[in-house]
Structures are given as structure tokens and as C-alpha cells.
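Reader: Please take one small part of this structure and look at it closely. After that, I would like to know what else is worth seeing in the rest of the chain.

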Amino acid sequence: MRKYSDLIGQTFDIPTKEFKIVNNELHFHKINLIEIIKIYGTPLRLSYLPKIAENIQYAEKIFNDAIRKNKYAGNYTYTYCTKSSHFRFIIEEVLSNGSHIETSSAYDISIVWSMFFSGNLSKSHYIICNGFKHSLYVQKVTELLNADFKNCLPILDNVHEIDYYRQNVLKDFKVGIRIAADEAPDSSFHTSRLGMQYNDIISFYKEKIEGTKAKLKMLHFFINTGINDTAYYWSELNRFIYKYCELKKICPDLDSFNIGGGFPVKNNLYCDYDYPYMAKQIIENIQWMCKKNHVPVPNIFTEFGNFTVGESGAILYSVMDQKVQNDKELWYMVNGSFITHIPDIWGSNEKYILLPVNRWNSPYHKVSLGGLTCDSMDYYDSERHTEEVFLPQYDKNETLHLGFFHTGAYQEALGGYGGIQHCLIPAPKHIIIDKDKNGNTRHKLFAPEQESSSMMKILGY
Ligand SMILES: Cc1ncc(COP(=O)(O)O)c(C=O)c1O
């Protein structure tokens with residue numbers, strides 16, 4: 001019978017940059033995962049920090065290459081959208097690679113202060129404050145502005161937000177405006193609820209910003225469906241650059257254009273997303289439109305979340321048993337839950353790279369993976385490239401382990417971490433993998449598996 005390695009070999013070029021098979025076992029960034037499982041067991045969440053540095057440096061390189069090649073007269077700034085993973089070790093890694101920060105809520109500002117007091121962040125870092133802001137959030141942003149975080153930029157989400165800053169910020173301060181994007185043609189609604197209406201922006205600037213302490217520095221937008229080579233993306237981008245040009249003619253302080261997040265990550269082994277091409281197209285479009293409108297080009301900001309941390313994460317499970325439920329369906333029961341550990345699988349039908357950790361020389365068959373909760377939707381049965389899942393055959397004498405890869409963004413923020421989850425499935429053990437100064441890999445436990453006692457306490461027992 002054909003082996004699992006034959007199946008993968010005929011579909012993909014493996015080894016890839018991240019994955020390699022050695023003696024029928026999977027190595028992820030040269031780490032033998034079966035050795036990690038022997039030490040820590042499963043279910044196991046892992047964060048591989050060097051990938052964060054690599055992706056930040058890569059984005060900086062491709063945008064700066066495009067800037068240089070086009071003799072573009074602006075610069076590029078990388079900011080990290082904290083909501084994609086708030087862990088301290090992630091934020092430290094991001095900052096140590098020269099990134100700046102984008103916040104989404106009042107509670108993010110505590111992270112800013114913590115990083116400031118620990119010396120990881122200075123008062124000249126960009127702190128881009130996004131989101132619809134309730135009173136606590138505007139207060140916290142004002143505290144930063146009054147404490148001389150000179151590149152803290154509230155991005156105004158509606159016409160009222162500015163009033164609080166104008167009353168309470170003591171000196172001149174910088175602001176941005178978020179433009180509400182039109183949604184993709186297949187969306188159930190037409191315009192995003194986030195940001196200000198396209199047609200209101202000029203009058204808003206004249207009424208509430210011009211001639212006041214507030215200095216409009218940045219125009220911001222975010223396209224929900226990501227940065228893609230589609231007519232929809234390019235037409236939205238061009239509309240927003242046009243608005244930048246219109247505003248620039250009446251607002252000399254304006255010099256920055258923030259294109260938000262939206263660089264994708266690899267969610268199957270075959271990925272043909274052309275990152276350098278997209279960076280180049282963005283720079284060229286902005287340059288072309290500014291030239292046509294006789295305004296200087298803006299500095300470019302991005303806020304990549306998924307791209308920064310997604311590929312640093314993985315979660316490993318073991319197959320505990322198999323269940324044949326009818327003539328056609330074979331279930332592998334894993335020792336964790338997709339609903340709670342990788343909620344995007346359940347909530348937004350997201351796909352991830354799924355690979356067995358061991359037994360690559362075993363025959364394979366089609367399976368459905370079942371999670372530990374009783375919810376019928378706690379399953380995974382199709383991959384991006386096949387709409388099916390194939391894995392090595394079950395053998396009770398040799399446990400099959402498997403991994404979901406590139407799960408580092410949003411999953412704890414959505415599924416919860418250490419709280420109460422469906423069927424009281426605990427948060428899995430979590431390790432950090434890093435490299436020392438000599439490039440040697442090292443790993444350490446970040447958090448043990450959540451204990452029943454912590455749940456009982458939350459529940460009032
Ligand atoms: C304003 C803003 N910026 C950046 C991001 C990050 O997007 P991504 O993770 O797709 O890069 C988001 C995500 O929702 C966002 O709302």
C-alpha cells in the first residue's frame with residue numbers, strides 16, 4: 001500500500017522552508033517534533049519566536065526594496081496589531097525587531113505602559129490607537145498623550161472622538177482618521193461600521209481639526225478581506241489615496257498613509273502569494289496617484305497581525321482512538337478541541353496546515369478529526385487544497401501525533417486562555433521555542449495545562 005509520504009510527495013514539494021521529514025518524522029524549523037512531544041506531551045501549543053523576527057524583517061525588506069526601486073520619497077514603518085496575540089513574549093519579540101504598536105482597546109494601553117516601564121518601548125514609538133473608543137479608552141489615550149508619547153496617534157473612528165482630546169490633551173497632538181471601507185461585493189453589508197464616511201472627511205477636518213491643537217498626520221484604512229490582488233482591493237486603495245491627495249492639499253501636517261493589516265500567512269503547503277509584487281504594486285499605485293494630483297507621497301504604515309505571529313504558532317495533538325460510524329466515515333478522536341483551541345476552524349471555517357508528526361511511512365486513508373467537546377461542530381475534515389483530510393492509519397501500538405501549523409494569530413484571543421471553555425476543556429500546555437545567541441534552539445514551558453481548580457474558582461465553587 002502507498003505510504004503517507006508518497007501522498008504528500010506527489011502533491012507538494014516537501015521539504016519546504018519550514019517542514020522536513022527525517023526518518024518518517026516531521027521537523028518544523030529543524031525541530032524534531034516527536035522529541036518535543038516526548039518531553040512535554042500533548043495537547044501542546046507552541047510559539048516559535050524566530051519566525052516573528054523573520055516575517056517582520058521580510059516585510060520591511062520588500063517595502064523598502066519597492067521604495068528604493070521606485071525612488072519613492074517616503075518611508076515605511078512596521079507596526080504590530082497587538083490583538084492578534086497579546087502575550088508578553090510576543091510583544092517583546094516584536095518590539096525587539098524594531099516594530100511599533102497598534103492598539104485596539106483601553107486594555108492594550110496597560111501593555112504599552114508595561115513595555116515602557118520594562119524599557120522595551122520608548123516615548124517615541126508609534127502607538128497607533130484604533131477602534132471605536134469608549135470613555136476609558138479615550139482617557140487612556142489622553143494619558144499617553146499628556147505623558148509625552150509624542151507618536152501616540154489616536155485614529156479617529158467617528159466625528160465625536162476628537163472632542164475629548166481637544167478638551168483634555170494639554171499640548172498639540174497628532175491624530176489620524178480612519179476611512180470606512182466599502183465591503184467586498186459578496187459581503188452581507190455594504191460599508192464597514194469602523195471609521196468615518198468617505199464623504200464626511202474633508203468637512204470634518206475643516207470643522208474640527210484645522211487650526212486646533214490636533215494635527216492631522218495620518219489617513220488610515222483596513223480592508224477586512226486582506227491585501228489581495230483583486231479589482232476590489234485596488235479600487236478601494238485608489239479611492240483612499242485619492243482622499244489622501246484631496247486632504248493633503250488643505251492639510252500640510254498630513255504625511256502618512258496607513259494601509260492596515262491583511263498580509264496572509266501560508267495555510268497550505270503550496271502558497272503562491274507574491275508578497276514582493278503586492279508591496280511593489282501598493283507603492284507604485286500610491287506614487288502614481290500622488291503624482292497625478294501633484295502632492296508629495298506619504299510615508300507608509302502597516303499593521304500586520306496574522307502575518308507577524310500566525311506562522312510562529314502550532315498546536316500538537318495525539319489521536320486517542322478511532323471510531324467507524326458507518327460505511328463511509330472514520331473518525332480520529334484527538335485529545336483536544338478545535339472549538340476551544342483553534343476556534344477559527346469552527347467560527348470562520350479557517351484552514352490550517354495539518355500534518356502528522358510521525359508514521360509518515362504508514363499507509364494512509366481519509367478521516368475526519370473529532371474534538372473533545374460534545375458539540376457536533378467540533379471537527380476538522382477538509383484541507384485547503386483537497387477538501388478532504390488524509391492521515392496515516394491508526395495503530396493502537398504506535399500513537400499517531402499530528403500538528404496544526406501557523407495557528408499563532410487570534411486563536412487564544414478568540415477561544416480564551418485559561419478561562420472557562422466549552423465542556424471545560426482546559427487550555428493546553430504552552431511552550432516557547434527560541435534560539436540562543438549561537439543560533440541553537442532552546443525551549444521552555446510557558447504555561448502548564450490549565451487545572452480544574454482554576455476553573456472551579458472562576459465558576460464560584
Ligand atoms: C485596524 C486593524 N489593523 C490591523 C489588523 C490586523 O489584520 P491582519 O491580522 O489581517 O493583518 C486588524 C484586524 O482585524 C484591524 O482591525
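Author: N23 sits in the loop between β1 and β2. Strands here are DSSP runs of E with at least two residues, helices are runs of H or I with at least four, and both are numbered from the N terminus. This is a predicted model, in which local features need pLDDT of at least 70 and side-chain atom pairs count only at pLDDT 80 or more, while totals for chains, interfaces and linings use all residues. Residues are numbered from 1 along each chain as its sequence is written.

Phi of N23 is near 50 degrees, a positive value in a residue that is not glycine. Most residues other than glycine have a negative phi, and most peptide bonds are trans. N23 counts as exposed because it has 10 C-beta neighbours inside 10 Å; the cut-off for exposed is 12 or fewer other C-beta atoms within 10 Å, buried needs 20 or more, partly exposed is in between, and the C-beta atoms are placed from the backbone.

The strands around this loop belong to an open sheet of 3 strands in the order β1-β2-β3, with antiparallel pairing. The edge strands, β1 (19-22) and β3 (31-32), each pair on one side only. Two strands pair if DSSP finds at least two bridges between them, and β2 (residues 25-28) is joined to β3 by 2 bridges. F28 stands opposite I31 in β3.

Ahead of β1, in the loop that follows α1 (4-11), lies P15. The peptide bond between I14 and P15 is cis, with omega about 10 degrees. Another cis bond joins T42 and P43, with omega about -5 degrees, and P43 lies in the loop between α2 (33-40) and β4 (44-48).

A positive phi also appears at N349, about 55 degrees, although this residue is not a glycine. N349 is in the loop between α13 (343-347) and β15 (353-356). With 8 C-beta neighbours inside 10 Å, N349 is exposed.

Elsewhere, 8 strands close into a barrel in the order β5-β6-β7-β8-β9-β10-β11-β12, with parallel pairing. Strand β5 (residues 76-81) and β12 run parallel and are joined by 5 bridges. Y78 has T302 in β12 as its bridge partner.

β12 (299-304) also gives two or more residues to the shell around the ligand, as does α11 (306-309). Of the 15 residues around the ligand, C81, G261, E303, G305 and N306 come nearest; a residue is near if its C-beta atom, placed from the backbone, lies within 6 Å.

Two helices can be read by burial. In α6 (residues 135-146), the buried residues are Y137, V138, K140, V141, L144 and L145. They are on the same side of α6 because they cover an arc of only 160 degrees around the axis, the arc being that of the directions from the helix axis to the C-beta atoms. An α-helix has 3.6 residues a turn, so residues three or four places apart point the same way. The face of α6 turned away from the buried side carries the exposed residues S135 and L136. In helix α4 (residues 88-96) is I90, which is buried because 23 other C-beta atoms lie within 10 Å.
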